[in-house]
Amino acid sequence: MIRAHSVESVRAAEAAAMAQLPEGELMSRAALGLAEVAAARLADTDGTAVVGLIGAGDNGGDTLYAVAHLAEAGFAGAVVLVPASGREGVHAAGLAAAEAAGVMVHEAAGAAAAAAEVVAEADVVLDGIVGIGGRPGLRPDAARLVDSVDDDAWVIAVDLASGLDPAGEEGEDDAVWADETVTFGTPKPVHLLPAGEAATGRLTVVDIGIDVDDVPAAVERLTWDDVAGLWPVPGSGDDKYSRGVLGVVAGSEAYPGAAVLTTTSAAEAGVGMLRYVGTPTPVGLVHQAVPEAVVGDGRVQAWVVGPGLDTDADDSEARTQLDAARSALASDLPVVVDAGGLALVEGRREAPTVLTPHAGELARLLTRLEDGATDRDTDHDAAGSGAEVGVDDVKADPLRHARRLVALTGATVLLKGATTLVVTDGEPVRSQADAPPWLATAGAGDVLSGVIGALLAAGLTPHDAASLGAMVHGVTADRVSGGGPLRALAVAHGIRPTVRDLLARGRSAPS
């Protein structure tokens, strides 16, 4: 598992380490690790010239020492001091080390054009403008320097890309977009969250000897090696009931295929037994596609409610199906709520619940629920303003809006996207980015709901079921796609071999 820690936690861990080490040792370790990565990238591209963009403070110091190491190794090294005050605030010892190593020093203040020419000639650019103490956005003078970087240069952000919010909560277009980020000790939230992941590029973590093993993470990401420890594997004493019975209320006469996708993925995920409740057309399709499914209501351990559900239909079969959906939501059983089922969510649900909206569905759900909370004269300040929420609002700040929905419903919220967020009150945010862009296709969410439902029925917590389901769903899509188009049904059928291979990987890993 990848664990990212807040700025406050990192500073505390660094302070504890520095109290036990000689002065400057942490910076020395960071600079040496950064230099080794930069040297490898220069070698990869037959590059010879490295330029560091130097801001005030320790992040600039790391970069100065790294460029000094590279110059001593025979590379052409230069640094550009970004502060408008020139050398004021720049790490003095690091600057002295760079000059002693023969690094050319340029000041952007008063010589912006000349500094930009130096930057444009670099094969590798080290972005040391700001670090974890920075704020979102770049000053205009710094932005102009960044714009002068050659398109073919490899940009390495030092600790984080300058201009990003270290907490990863505020998006910012005016930031460095790095090819790689070299961070120290532990990832930071910005590296794993939608507001910063794209600008982070490849993430390389340099061990500098700080201890965060017992420090709660702010953000987590499951990896392939986590599957064996989380996926419910049956034992010799299990039967279909103990492995989990999943009820599915999905599909409709308008959207019959959703029932096939949801039940297929749940079956492929290894659920012990499936019960399906639907209208005549999807019932017939489920009979053909998933013959092991039992049609009709009955005892289950968890429900999936909503994929392809037509809440506007008013014939008798549709009303019966909607009654089953509402009954599931009113029960004390775990429920995954997706698509049409989200329209049936009225507020808090005490039983374990996973809501799986995309940005547009989250915006509509927040608007409706917050308006309802305002009408009931509840204390609304903690959840939101009660004003209409638009899809662009959610995309601009997905984590904050997901947290608003958690506060309103008490549910685990899985917000779908290129980086999928799983947010549960009292748990570290989970962030998964395993899927290819080809997964943005109709029916993909139905497949995801079936996988999560199977995991809930097997007894996983909503937080683990949602994040593990998202991870396996994304990995499966990547495997099935192979770099090209894919269908949701192919993803559903790919779940079983993906889980098999990931479990085998865990069994073969050294203990």
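Which residues are buried in α15? That's where I'd like to start today, and bear in mind that this is a predicted model.

So, α15 covers residues 398-409. The buried ones there are P398, L399, H401, A402, R404, L405, V406, L408 and T409. That's nine of the twelve residues, so α15 is largely enclosed by the rest of the structure. The length works out too: at 1.5 Å a residue we'd expect a span of 16 Å, and the end C-alpha atoms sit 17 Å apart, which agrees. Right after the helix comes G410, with a positive phi of about 75 degrees.

Now hop back to α3, residues 58-72. Here eleven of the 15 residues are buried, so this helix, too, is largely enclosed by the rest of the structure. Among the buried ones you'll find N59, D62 and T63, along with L64, V67 and L70. For the span, 21 Å is expected at 1.5 Å a residue, and the end C-alpha atoms are 21 Å apart, which agrees. And just past α3 there's G74, whose phi is positive at about 105 degrees.

On to the cores. The largest nonpolar core has 42 residues, and the members that touch the most others are V249, W303, L355 and L405. You'll remember L405 from the buried list of α15. The largest share of this core, six residues, is supplied by helix α13, residues 359-375. What does V249 contact, leaving aside neighbours within four places in sequence? The partners are V277, the run W303, V304, V305, G306, P307, then L309, Q321, A324 and A325. There's another core apart from this one, with 41 residues, including W231, V248, V290 and I495.

I495 takes us to a helix pair. The axes of α17, residues 462-481, and α18, residues 488-508, come within 8 Å and cross at roughly 105 degrees. The two helices are therefore roughly perpendicular to each other. On the α17 side the contact uses V472, H473, V475, T476, A477, R479 and V480; on the α18 side, residues including I495, P497, V499, D501 and L502. By type, the contact residues split into ten nonpolar, four polar and two charged.

Last stop, a loop residue. S148 sits between α6 and β6. Is S148 buried or exposed? The relative accessibility is 17%, and the cut-off for buried is under 20%, so S148 counts as buried. Not counting residues up to four places away in sequence, S148 touches A116, V119 and A120.

Note on methods. Residues are numbered from 1 along each chain as its sequence is written. This is a predicted model: local features need pLDDT of at least 70, side-chain atom pairs count only at pLDDT 80 or more; totals for chains, interfaces and linings use all residues. Side-chain values use heavy atoms; hydrogens and water are left out. Axes are lines fitted to C-alpha atoms, for helices over the stretch in contact, and angles run from 0 to 180 degrees between N-to-C directions. Helices (H or I, at least four residues) and strands (E, at least two) are DSSP runs, numbered from the N terminus. Angles under 35 degrees count as roughly parallel, over 145 as roughly antiparallel, 65 to 115 as roughly perpendicular and the rest as oblique. Contact means heavy atoms within 4.5 Å. Ala, Val, Leu, Ile, Met, Phe, Trp, Tyr, Cys and Pro count as nonpolar, Asp, Glu, Lys and Arg as charged, and the others, Gly among them, as polar. The expected span of a helix is 1.5 Å times one less than its number of residues. Buried means under 20% relative accessible area, exposed over 50%, partly exposed in between (1.4 Å probe, protein chains only). A nonpolar core is a set of buried Ala, Val, Leu, Ile, Met, Phe, Trp, Tyr and Cys residues joined through side-chain atoms within 4.5 Å.
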